[in-house]
Amino acid sequence: MLVVRNNILLLLFDLVVLLVVARSSFLPPCEPINETVSVEKEGCPKCLVFQTSICSGHCLTKEPVYKSPFSNVYQHVCTYRDVRYETVRLPDCPPGVDPHITYPVALSCDCSLCTMDTSDCTIESLQPDFCMSQREHFPAY
């Protein structure tokens, strides 16, 4: 009877692993993707909308069944691993306002802790091409 019970438990474990692997294979992996983004700056009347590479995709996470006030739970997110920085010039900025903005371009991505310096770590954020001011589209190269 003990052998049958152990075999059933092993079979259930194998099914759970198989379901997790199958489910995650349908989700987009964490990788650089092309995305339309916008940049704007206080003092400049227009925002600039253009294409760049950002990190996007699925990272496996764990949610504990029992949450203790004494333990920390860290969720991994899809974020930048290697970047290069590019600079664009905002149009129609008045004299005295630096029209240049430098932004990261994703070269590779990784599932790791969210770094507020380079990533939007909110649950629901604005779309990457959201503008507060008048839009100016940057020609694609």
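**Exercise 1. Surroundings of histidine 58**

Determine which residues histidine 58 contacts in this predicted model, leaving aside its neighbours within four places in sequence.

*Solution.*
1. Apply the contact criterion, heavy atoms within 4.5 Å.
2. With those neighbours left aside, the residues in contact with histidine 58 are Leu27, Pro28, Pro29, Cys30 and Cys111.
3. Place the residue in the fold: histidine 58 lies in the loop that links β2 (46-56) to β3 (77-89).
4. Compare with histidine 76: the two histidines are separated by 18 residues in sequence, and their C-alpha atoms lie 9.6 Å apart.

**Exercise 2. Accessibility of two loop residues**

Classify histidine 58 and aspartate 92 as buried, partly exposed or exposed.

*Solution.*
1. Buried requires under 20% relative accessible area and exposed requires over 50%, with partly exposed in between.
2. Histidine 58 has 32% relative accessibility and therefore counts as partly exposed.
3. Aspartate 92 has 47% relative accessibility, so this residue is also partly exposed.
4. Aspartate 92 belongs to the loop between β3 and β4 (100-112).
5. The backbone of aspartate 92 has a phi near 60 degrees, a positive value in a residue other than glycine.

**Exercise 3. The protein as a whole**

State the order of secondary-structure elements along the sequence, then describe burial, contacts and exposed surface.

*Solution.*
1. Count the elements: there are one helix and five strands.
2. Order them along the sequence: the pattern is α-β-β-β-β-β.
3. Of the 141 residues, 22% count as buried.
4. Among contacts with a separation of 6 or more, 65% join residues 24 or more positions apart.
5. The exposed area is about 10900 Å², of which carbon and sulfur atoms supply 60%.

Note on methods:
Residues numbered from 1 in each chain as written. Predicted model: local features only at pLDDT ≥ 70, side-chain atom pairs only at ≥ 80, totals over all residues. Heavy atoms only, no water. Helix = DSSP H or I, 4+ residues; strand = E, 2+ residues; numbered from the N terminus. Buried < 20%, exposed > 50% of the residue type's maximum accessible area, 1.4 Å probe, protein only. Areas by Shrake-Rupley, 256 points an atom, 1.4 Å probe, with all protein chains shown as cover.
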